[in-house]
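Student: I am new to this structure and would like a close look at a single part of it. Please start with one helix and then place it among other parts of the chain.

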Amino acid sequence: MKKAILDEIEKIKAVDKSNMINFCLNSSKLYGEATKLANKIQVNYSKPDNIIVAGMGGSGIGGDLLKDWARNKATVPIEVNREYQLPACAGKRSLVLIISYSGDTEESLGAFLDALKRKCMIFCVSSGGALLENAERLKVPYLRVPGGMPPRAALPYLFVPLLLYMEKMGLVSSASEELSEALTLLEKIGKENSPKKPAEENFSKTLALGIGQTIPAIYGFGFYRSVAERFKTQFNENSKIPAKWEVFSELNHNEIVGWERAGELGKCFSAIFIRDSEEPTEIQSRIEITKELVGKAVVGLFEVSAQGKSPLAKMLSTICIGDFTSIYLALLHGVDPTPVKTINYLKDALKENGVKEKIISELAKL
Ligand code: F6R
């Protein structure tokens, strides 16, 4: 019965009103367009001492992906800032990348204000809002990306500019090459996981069916740390379910003990292990032992195997599987993946405290 629901494309369209699935199906195209747009960026700053990416939610995750991807490539430290203010290390020699799809997120505007006050080198990526209004007025360089998407679906436009900015600055060299591999792979994954493919031939549908009513715990390692985080946030925002994520090998030093006394509660969970045929031996054995341990407590145990050769292709293709799965899970539960009512409610409720207004009026004084 559940399979039948998933396989009916017309029903999918009826529930997925703004067609979130299309963003996944078209992700190769979107990454291609984002690359063309970001190639136009002109870099006017000299090499920074450190890089701070400031952004929240679907915008901030781009910073985490950048940090993980660049870990073995860039010699400049990268920090992701999710606070209203920047860390003490932010100064004139810091490159601060402010990423906010709407351009109206108060934490990101707060970080922008702070970066201006500290005279950091700033570059903004947004579709508009108070961020771009002020960036334009204050002559801060920015990239305007197309609007009208849910921020989490706009990941190509929010992440690719970060990669290419680093490449244009000479801090990394392989971004464009890895992106081109990713585009080809994403096209293939889009076809393989499309609503038209029945569950038996469709990995994401099968995974969504396996997760069912459980709470997924996603386990990543290395650069799949932020990929696991993206899985979790997509389960939250698209499927509207709780989820958790952890990273090897840290999870071997705490998380695994937590399953000891899970008892009945363990039946509410499933575990998803992100795997890579090239995973380091030390991680491989940790995953195998952890699977056995966690498998005793949870009801479902799944693996998502990364595809591709380059780190970026592996990261983006695995993300695409997570995105598809979170959408199929929403549809399986009869939920429209697009609206995020609770986030909107919270943002509205916060208006009363006047914090955002204060940040905007401080920006206006500059
Ligand atoms: C909604 C979403 C959220 C937003 C977050 C920050 O699709 O993904 O996590 O990304 O509330 O808003 P923006 O991205 O506009 O700065």
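How many residues does helix α13 have, and how far does it reach from its first C-alpha to its last?

Tutor: The model is predicted, and what follows should be read with that in mind. Helix α13 runs over residues 281–295, which makes 15 residues. From first C-alpha to last, α13 reaches 21 Å, close to the 21 Å expected at 1.5 Å a residue.

Next comes the question of which side of the helix faces inward. Ile283, Ile287, Thr290 and Val294 are the buried residues to look at in α13. Looking down the axis of α13, these buried residues fall within an arc of 75°, so they line one face of the helix. The general background is that an α-helix has 3.6 residues a turn, so residues three or four places apart point the same way. On the face of α13 turned away from the buried side are exposed residues: Thr281, Ile289 and Glu292. The cover over the buried residues of α13 includes three strands, β6 (215–221), β7 (244–248) and β8 (269–275), together with the helix α12 (255–258).

Two of these covering elements, β7 and α12, are joined by a loop that holds Ser249. The peptide bond leading from Phe248 into Ser249 is cis, with omega near -5°. On the other side of β7, the loop between α11 (225–239) and β7 contains Lys240. Lys240 is not a glycine, yet it has a positive phi of about 60°. Its relative accessible area is 35%, so Lys240 is partly exposed. As general background to both of these features, most residues other than glycine have a negative phi, and most peptide bonds are trans.

Lys139 is another non-glycine residue with a positive phi, again of about 60°. Lys139 sits in the loop between α7 (129–137) and β5 (142–144). At 72% relative accessibility, Lys139 counts as exposed. Strand β5, at the end of that loop, includes Arg144. Arg144 is partly exposed, with a relative accessible area of 41%. Leaving out residues up to four places away in sequence, Arg144 touches Leu37, Ser126, Ser127, Gly128, Leu132 and Glu136. Asn81 is not on that list; the C-alpha atoms of Arg144 and Asn81 are 21 Å apart, with their positions 63 residues apart in sequence.

For comparison with α13, take a pair of helices in contact with each other. The axes of α5 (residues 57–70) and α14 (residues 311–332) come within 10 Å and cross at roughly 145°. The crossing of α5 past α14 is right-handed. On the α5 side, the residues that meet α14 are Leu65, Asp68 and Trp69; their partners in α14 are Pro311, Leu312, Met315 and Ile319. By class, this contact has six nonpolar residues, one charged residue and no polar ones.

Helix α5 also holds Ser59, which is buried, with a relative accessible area of 4%. Beyond residues up to four places away in sequence, Ser59 touches Ile99, Ser100, Tyr101 and Leu158. Ile99 belongs to strand β3 (residues 94–99) and counts as buried at 0% relative accessibility. Along the chain Ile99 and Ser59 are 40 residues apart, but their C-alpha atoms are separated by 5.8 Å. With neighbours within four places left aside, the contacts of Ile99 include Val53, Ala54, Gly55, Met56 and Ser59. The contacts of Ile99 also include Ser108, Val125, Leu158 and Leu162.

Two further buried residues complete the picture. Leu30 lies in helix α4 (residues 27–38) and counts as buried at 11% relative accessibility. Outside the four places on either side in sequence, Leu30 is in contact with Phe23, Ala153, Pro156 and Tyr157. Leu30 and Ala154 are 124 residues apart in sequence, and 8.3 Å apart from C-alpha to C-alpha. Ser194 is found in a loop, the one between α9 (175–192) and α10 (203–211). At 10% relative accessibility, Ser194 also counts as buried. Its contacts, not counting residues up to four places away in sequence, are Leu25, Asn202, Lys205 and Tyr328.

Methods: Residues are numbered from 1 along each chain as its sequence is written. This is a predicted model: local features need pLDDT of at least 70, side-chain atom pairs count only at pLDDT 80 or more; totals for chains, interfaces and linings use all residues. Side-chain values use heavy atoms; hydrogens and water are left out. Axes are lines fitted to C-alpha atoms, for helices over the stretch in contact, and angles run from 0 to 180 degrees between N-to-C directions. Helices (H or I, at least four residues) and strands (E, at least two) are DSSP runs, numbered from the N terminus. A crossing is left-handed if the near helix is turned anticlockwise from the far one by less than a right angle, and right-handed if clockwise. Contact means heavy atoms within 4.5 Å. Ala, Val, Leu, Ile, Met, Phe, Trp, Tyr, Cys and Pro count as nonpolar, Asp, Glu, Lys and Arg as charged, and the others, Gly among them, as polar. The expected span of a helix is 1.5 Å times one less than its number of residues. Buried means under 20% relative accessible area, exposed over 50%, partly exposed in between (1.4 Å probe, protein chains only). The arc is that of the directions from the helix axis to the C-beta atoms.
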